[in-house]
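Hello,

Here is the structure I promised to hand over. Please open it first, then read my notes underneath.

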Amino acid sequence: MMSIIWHTPSIAIRIRASLGRTSCPGLIQLLQCPPLRFQSTNRDMSTLTFPLNDGTNVPALAFGTGTALYNKDAQNAVVTAIKTGFVHLDGAQMYGNEDSLGDAIVASGKPRESLYITTKLNKLSKGQTVKSTLVESLRKLKVDYVNLFLIHMPNHHEVPLTDIWKQMEEVQKEGLAKSIGVSNFRIKDFEEILPGATVKPVVNQIEFHPYVFGAAESLYEYTEKQGIRTESYGGLTPIVRARGGPLDPVLAKITERISKTGGKSVSEGQVLSKWLLQKGVVVVTTSSKEERIKEYLAVPSLPDLTAEEIAELEAAGKKHHKRAFCQWLDEKN
Ligand SMILES: NC(=O)C1=CN([C@@H]2O[C@H](COP(=O)(O)OP(=O)(O)OC[C@H]3O[C@@H](n4cnc5c(N)ncnc54)[C@H](O)[C@@H]3O)[C@@H](O)[C@H]2O)C=CC1
Ligand SMILES: O=CCc1c[nH]c2ccccc12
């Protein structure tokens, strides 16, 4: 049974939680009362979900089909991920493999409603519509709706961002996407779309780990205040792309403490992912190895990091900056 401890419990959050899925996202947004951060003591790894500002829930662990699977056939890796327990699949038009993601969905034999499928809008050229690209994605994915549709990047379109967001709202209204959100948005990108928006983005998917925390904290706080949840990618960067930094000894110490507390060995990657979950951040990660996939799925059931450990991780992360993707997110807002 999951127990959620809100940092600032509010009636609005409780009303929203009790409403669950609704066909009236506008009502839910009126009730939205940030912050979204919470700690979870969930022991059932497969069902940890976070609420979104439109009344839906997002599975907190997602299996990604970009990076290692970029422009590659993702079917085997995704089937393994689904069979091992992932329900949230993160795709994108840009990854060039939506077709094989769709093949995996079919091959898994899982009912559509048991899966949470995200895809992302690629560069929109003049003459294209959001709907036409999404319809093409749905054809490749072999589903008739996605759970979450994101604008992948704010800054590579030939159509104004405000027009794109309006079109995102329309595809949601038509039921082609249950929820709509964004990725790689800065505060200034939100300031461009929010004044004319009828529907708020539910998430901003960004690179998020301790080595970008100094740069990303204000964006994280801003979106949290807006009721927009952060999804992380590149969360394992400190151990896979930036070894030898100030985080290494802190991670080693926390990993040892959690291994002792829980009575079984945990990895540094699991500790990094646990930090993300405790900040209310959805973790988007990937691997084609079953052992690693199991390791990811076990993160919700690990003992929590203490407040002191979280502070130590963040302080060490702020001593070094490493961004692997989307450098515009380092611009001052
Ligand atoms: N919205 C966006 O612009 C972006 C979204 N993404 C999404 O996020 C997903 C995950 O992104 P990543 O950066 O790959 O995630 P990540 O930072 O979690 O790294 C995953 C990689 O780390 C490796 N790994 C895991 N544990 C390891 C260990 N102990 N030692 C060595 N290697 C280890 C895995 O094999 C895998 O290749 C992508 O597939 C994509 O779906 C990724 C980049 C940009
Ligand atoms: O979604 C990820 C987009 C992205 C940005 N840079 C790279 C490099 C390699 C794979 C994907 C991406």
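Below is what I found in it, from the whole chain down to single sites.

Please keep in mind that this is a predicted model.

The chain as a whole: there are 13 helices and twelve strands. The chain has 333 residues, and 44% of them count as buried. Take the contacts with a separation of 6 or more. Residues 24 or more positions apart account for 79% of these.

The core: nonpolar side chains tend to be buried together in soluble globular proteins. Here, the largest nonpolar core has 79 residues. Those with the most contacts inside that core are Ala60, Val78, Phe149, Ala177, Val282 and Val283. Take Val283 as a place to start. Leaving out residues up to four places away in sequence, Val283 touches Ala60, Leu61 and Ala62. Val283 also touches Ser232, Gly235, Ser273, Leu276 and Leu277.

Helix H11: this helix covers residues 268-278. Eight of its eleven residues are buried, so H11 is largely enclosed by the rest of the structure. The buried ones are Gly269, Val271, Leu272, Ser273, Lys274, Trp275, Leu276 and Leu277. Gly280 follows H11 and has a positive phi, near 75°.

Ligand 1: 26 residues surround this ligand. The closest are Gly64, Gly66, Thr67, Tyr233 and Thr285. Helix H9 (237-240) and strand E12 (282-285) each supply at least two residues of the shell. H9 gives the most, with three residues. By type, the shell divides into eight nonpolar, 16 polar and two charged residues.

Ligand 2: the residues around this ligand are Gly66, Thr67, Tyr70, Ala92 and Phe325. Three are nonpolar, two are polar and none is charged. Note that Gly66 and Thr67 are listed around ligand 2 and also among the closest to ligand 1.

His152: UniProt, in an unreviewed entry, places the feature "binding site" at this residue. His152 lies in the loop between strand E8 (146-151) and helix H6 (161-173). Is His152 buried or exposed? His152 counts as buried, because it has 23 C-beta neighbours inside 10 Å, and the cut-off for buried is 20 or more. Which residues is His152 in contact with, leaving aside neighbours within four places in sequence? They are Ala92, Met94, Lys120, Leu121, Asn122 and Ser183. Ala92, one of these contacts, also appears around ligand 2.

Best wishes

Notes. Residues numbered from 1 in each chain as written. Chains lettered and ligands numbered in written order. Predicted model: local features only at pLDDT ≥ 70, side-chain atom pairs only at ≥ 80, totals over all residues. UniProt positions renumbered as here; feature names shortened; annotations may be inferred. Helix = DSSP H or I, 4+ residues; strand = E, 2+ residues; numbered from the N terminus. Buried ≥ 20, exposed ≤ 12 C-beta atoms within 10 Å, placed from the backbone. Contact = placed C-beta atoms within 7 Å. Core = buried A, V, L, I, M, F, W, Y, C linked by C-beta atoms within 7 Å. Near = placed C-beta within 6 Å. Nonpolar A, V, L, I, M, F, W, Y, C, P; charged D, E, K, R; others polar.
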